[in-house]
There are 2 protein chains.
Amino acid sequence: MMMQTPLTMTQMINRAERFFPKKEVVSRTASGIQRFTYKQIAERTRKLAEALQKLGVERGDKVGTLAWNHHRHLEAYFAIPCSGAVLHTINIRLSPQHIVFIINHAEDKVLLIDSDILPLIEAIKDKIPAVKAFVIMTDEPELPETTLSNVYHYEKLLDEAAGGYEYPDDLDENAPAGMCYTSATTGNPKGVVYSHRGIVLHSMALGMADSAAVSEKDIAMPVVPMFHVNAWGLPFAAVWFGTNLVMPGPYFTPKLLAELIQEEKVTITAGVPTIWLGLLKELEENTYDMSSLRSVLCGGAAAPKGMIKAFEQKYNIPFMHAYGMTETSPLVVISTLKSYQEELSYEEKVEIKAKQGILVPGLEMKVVGKDGEVAWDGKEMGEFAIRGPWIASEYYKDERTSDAFRDGWLYTGDVVTIDEEGFMKIVDRTKDLIKSGGEWISSVDLENALMAHEAVFEAAVIAVPSEQWQERPVACVVLKDAYKGKIEKEELNEFLKPQFAKWWIPDDILFLEEIPKTSVGKFLKMALRDQIHKNYAGTN
Amino acid sequence: MMMQTPLTMTQMINRAERFFPKKEVVSRTASGIQRFTYKQIAERTRKLAEALQKLGVERGDKVGTLAWNHHRHLEAYFAIPCSGAVLHTINIRLSPQHIVFIINHAEDKVLLIDSDILPLIEAIKDKIPAVKAFVIMTDEPELPETTLSNVYHYEKLLDEAAGGYEYPDDLDENAPAGMCYTSATTGNPKGVVYSHRGIVLHSMALGMADSAAVSEKDIAMPVVPMFHVNAWGLPFAAVWFGTNLVMPGPYFTPKLLAELIQEEKVTITAGVPTIWLGLLKELEENTYDMSSLRSVLCGGAAAPKGMIKAFEQKYNIPFMHAYGMTETSPLVVISTLKSYQEELSYEEKVEIKAKQGILVPGLEMKVVGKDGEVAWDGKEMGEFAIRGPWIASEYYKDERTSDAFRDGWLYTGDVVTIDEEGFMKIVDRTKDLIKSGGEWISSVDLENALMAHEAVFEAAVIAVPSEQWQERPVACVVLKDAYKGKIEKEELNEFLKPQFAKWWIPDDILFLEEIPKTSVGKFLKMALRDQIHKNYAGTN
């Protein structure tokens with residue numbers, strides 16, 4: 001029989017060190033651009049693993065990161081799982097109360113924090129008592145002033161490491177390697193735990209010729225944050241394959257991305273539509289050499305056809321649509337044309353490219369309509385369900401697991417069609433979530449908050465399309481009779497502001513006479529959207 | 001956590017049927033070229049699975065194939081493992097006694113046989129009593145005359161199938177899927193059992209951009225026989241990815257291969273150096289359009305630098321060297337250049353391409369010299385050892401397992417160097433096997449046979465390089481004093497002929513005064529080779 005060698009992440013960083021020691025990680029941090037070879041990264045990663053062990057991190061312990069895309073975060077990506085602990089990437093854009101929840105729910109023992117994110121943690125420090133140590137990722141030689149205790153300097157920890165640390169060789173492939181929380185329709189975020197096996201197989205999928213084809217010959221720039229589904233797994237795959245990485249760091253602008261692509265000769269980059277919209281505007285305003293780019297990978301929300309065409313026709317940059325979610329590691333479908341589709345006209349091809357794509361090898365899918373699996377005709381709609389070794393089987397210690405995971409399948413909540421060629425296209429969402437700039441906004445949470453206002457009878461929050469942010473929330477409010485004509489939208493906005501992150505506040509509040517409802521009394525959001533979208537067509 | 005969906009082969013054939021029903025298999029059989037869509041192949045494959053079940057094949061049963069590369073063999077490649085049985089591909093070039101041994105050792109319950117191979121089985125039928133049924137793969141409407149009993153017609157079995165067969169959905173990823181026997185230094189062949197998991201992961205490796213990058217866009221022609229390590233896994237990968245397949249069938253000539261490449265626009269093909277030498281000669285004699293070829297994959301023995309240069313420089317056909325063995329599924333290393341090596345001169349690049357290559361993601365390797373692991377300097381030599389999920393852990397029911405499998409590693413018996421960039425190059429073999437035209441010849445078996453002759457004192461058989469066959473055996477014989485000068489090489493040849501396949505007979509027999517030996521009395525074959533090679537340099 002075959003050897004029972006486990007699919008663990010240790011082989012990935014070891015391969016980079018042994019076979020690609022000269023290849024490079026270009027890292028933009030607060031103080032500028034730094035360059036490291038994989039030899040250096042691998043050595044620093046082992047030192048980080050040693051340092052975490054000294055801080056008391058044991059097998060199975062969770063180590064949280066609150067950090068941008070840079071080399072230290074990359075080191076954490078391997079040091080934590082390869083030493084047997086669990087890399088918990090925390091979405092720094094969540095509300096403070098959600099961050100408190102997930103740090104406590106995950107039981108993070110140590111947090112690795114970018115210095116500019118420190119104030120966020122200082123503000124909640126009394127609510128996360130289980131955290132034993134805070135490690136600050138900074139370029140500065142000394143720690144910043146902080147109200148935290150048990151604070152360590154990342155570089156000093158590495159300097160103090162004895163060296164010679166070896167990763168354990170007895171990790172189980174099904175052991176947890178990472179975790180990430182995703183926004184819920186309502187309530188607290190839900191945790192997804194990634195296994196070594198899932199990450200290894202997902203990385204192989206990213207490297208396959210018919211998928212993203214990540215290769216040693218690439219120079220990859222993950223723009224999608226490393227706190228979002230492991231930056232779609234790109235850092236894992238890149239290290240394994242010896243691919244040069246360009247990490248764009250904090251607070252980047254479209255201009256900065258364009259400069260990095262030009263100067264570092266980036267070949268593949270990945271991000272949400274909002275990012276690419278910004279890049280397009282920058283390309284229109286200034287001239288850059290984008291000829292190194294072989295693929296702009298776009299996911300997280302549907303890319304408009306016009307954007308795909310602008311990239312491909314105006315700038316000759318191949319655009320690749322993909323689909324996935326936190327629960328799916330994330331790669332599920334990717335819009336690579338079949339060989340015989342290459343012979344279609346460009347207009348026909350862009351119709352296909354605007355679909356989410358075709359299932360990558362290794363997964364299974366089905367689309368379940370009201371009468372069972374739908375026909376593959378591009379018309380019949382159903383909920384998209386997925387199964388496979390890099391698909392979550394549950395939410396971490398969460399009773400909402402049964403909402404999405406049934407009969408061994410993940411029901412995604414996305415309503416889709418499948419065409420004759422097997423290409424999936426999202427047509428609606430069963431979930432009441434609004435996707436703004438790659439982040440989720442819960443319409444239900446906003447509705448509940450609005451309905452808590454004394455003047456509000458009922459409220460429905462829907463997504464309106466936004467060229468810049470993909471979607472933005474708009475609230476439809478029915479006032480109680482006694483308040484009709486006496487309340488302005490500003491008052492409701494002010495009422496919401498203390499309760500939510502700034503970017504959650506609806507762009508507009510419309511006062512309606514009634515909210516259309518389904519037969520069972522649920523808001524009929526599809527009808528409401530049709531009604532409201534007409535008002536917004538062409539206004540942004 | 002992640003779903004525990006198993007890595008089984010069922011997903012491969014299902015994906016071809018659902019996503020690539022229009023893609024094609026071009027199959028050359030005894031009666032000419034036939035074309036099938038994957039839709040047809042998938043339907044026929046399910047019918048074959050049903051038919052085998054009716055013949056009494058149960059989970060875990062072995063089903064042997066004695067067949068060339070064609071669509072029916074491809075159907076067997078999936079019908080057998082996907083129904084839970086074990087695909088046992090039998091090397092039809094082995095001696096009849098070895099074929100008898102492996103059919104009995106594997107306990108094959110059913111044999112699928114090409115009609116031209118039928119005489120071989122008829123000759124041994126009384127020695128393989130455990131085989132319950134013989135299925136003849138033929139284009140003819142009726143069975144050929146045969147002395148076998150329990151004989152079935154492949155196409156009639158398919159015609160009689162009810163249809164609607166479904167593969168079991170509870171296969172374990174570690175269950176056996178296939179098996180193949182490999183020649184031993186001496187004695188009977190040794191069996192290797194492939195698991196579903198191993199085949200799935202190996203197929204992913206073949207699809208990776210930095211490996212063979214097998215893609216839906218390819219048209220793949222496996223020239224390496226399907227009875228040799230699953231035609232290097234190419235049929236599995238091709239079906240999974242929806243890649244068009246061109247199956248060259250029995251008794252092909254270089255001319256036929258060239259025509260198939262030209263007419264079917266083959267993009268990738270795979271075979272041993274002897275095949276490519278033949279193709280080169282054909283290209284020199286006649287004119288073909290080879291522009292569709294993006295890669296000639298060459299393994300099984302080292303490809304001479306001159307051949308690589310002829311393909312690449314004279315015919316502009318990219319040549320890709322790889323290395324593996326029956327025990328390794330087989331892909332282990334592949335000679336794809338690193339990005340910065342692309343900037344070298346062609347002469348420097350061809351030096352790298354002539355090495356066996358760099359380790360594919362998913363495996364681990366080490367090179368063990370007499371003082372532990374050797375330096376990566378391209379000079380220090382050691383035995384190449386491998387570990388990973390598509391590497392065998394044992395020989396099937398064989399006490400010779402411990403010869404090669406130690407401490408969780410497969411020791412390959414190949415003496416290699418590793419250069420600074422991690423490229424492996426074979427410099428010698430510890431095994432006493434001679435590789436002729438992609439097949440193994442056991443020098444030890446020939447030596448033992450020779451030494452059984454009354455006139456022979458001792459005999460050593462070594463490999464001499466052959467342009468056409470890669471290596472050919474030459475015997476070095478020391479005669480007993482009483483026979484010196486009284487025996488001609490023809491007499492010894494005649495003595496060997498009844499005992500071995502024709503191509504095993506040494507090309508030459510040299511009479512020496514003594515055989516150089518090591519301090520412990522073993523033949524010092526390296527010294528012998530040096531001595532003899534001088535005689536043969538430039539003669540073939």
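## Exercises on a two-chain predicted model

The structure is a predicted model, and across its interface the count between chain B and chain A is seven salt bridges.

**Exercise 1.** Identify what chain B offers to chain A in polar contacts and in secondary-structure elements.

*Solution.* Start with the polar pairs: the rule finds 30 residue pairs in polar contact across the interface of chain B and chain A, both residues being at pLDDT 80 or more. Next, assign the side of chain B that touches chain A to its elements, where α1 (10-19), β9 (190-195), α7 (196-207), α9 (234-241), β16 (358-359), β19 (382-387) and β21 (409-418) of chain B each supply at least two residues. Of these, α7(B) makes the largest share, with six residues. Finally, sort the residues on this side of chain B by character, which gives 37 nonpolar, 15 polar and 15 charged.

**Exercise 2.** Determine the extent of the contact between the chains, and which three residues of chain B supply the most buried area.

*Solution.* Count the residues first: chain B and chain A each bring 67 residues to the contact. The area buried between chain B and chain A then comes to about 5,500 Å², with carbon and sulfur atoms giving 57% of this area. Within the part that chain B buries against chain A, Met1(B), Met2(B) and Met3(B) supply 17%, more than any other three residues.

**Exercise 3.** Compare the N to O distances of two salt bridges, Lys217(A) with Glu342(B) and Asp61(A) with Lys109(A).

*Solution.* The structure holds 71 salt bridges over all chains. In the pair between the chains, the closest N and O atoms of Lys217(A) and Glu342(B) are 4.0 Å apart, and the cut-off for a salt bridge is 4 Å. In the pair inside chain A, the side chains of Asp61(A) and Lys109(A) meet at 2.8 Å, N to O. This second pair links distant parts of the chain, since Asp61(A) lies in the loop between α2 (38-54) and β3 (62-66) and Lys109(A) lies in strand β5 (residues 108-114), 48 residues apart.

**Exercise 4.** Describe the largest cavity by its volume and its lining.

*Solution.* The count comes to eight cavities of 30 Å³ or more, and the largest cavity holds about 450 Å³ of space. Of its 33 lining residues, Val229(A), Trp232(A), Gly324(A), Met325(A) and Thr326(A) are the closest to its centre. Among the elements of chain A that each supply at least two lining residues are α8 (229-232) and β14 (319-323), while β8(A) gives the most, with three residues. By character, the lining divides into 19 nonpolar, nine polar and five charged residues.

Definitions and conventions
Residues are numbered from 1 along each chain as its sequence is written. Chains are lettered from A and ligands numbered from 1 in the order in which they are written. This is a predicted model: local features need pLDDT of at least 70, side-chain atom pairs count only at pLDDT 80 or more; totals for chains, interfaces and linings use all residues. Side-chain values use heavy atoms; hydrogens and water are left out. Buried area is the accessible area (1.4 Å probe) that two parts lose on being put together, summed over both. A polar contact is a pair of N or O atoms within 3.5 Å; within protein, one must be able to donate a hydrogen and the other to accept it, and residues adjacent in sequence count only if both atoms are side-chain atoms. Helices (H or I, at least four residues) and strands (E, at least two) are DSSP runs, numbered from the N terminus. Ala, Val, Leu, Ile, Met, Phe, Trp, Tyr, Cys and Pro count as nonpolar, Asp, Glu, Lys and Arg as charged, and the others, Gly among them, as polar. On a 1 Å grid over the protein atoms alone, a cavity is a set of points where a 1.4 Å probe fits but cannot get out, and a pocket is an open set with protein on both sides within 12 Å along at least five of seven lines; lining residues have an atom within 4 Å of a point. Grid points are joined across faces, edges and corners, and a volume is the space filled by probe spheres set on the points.
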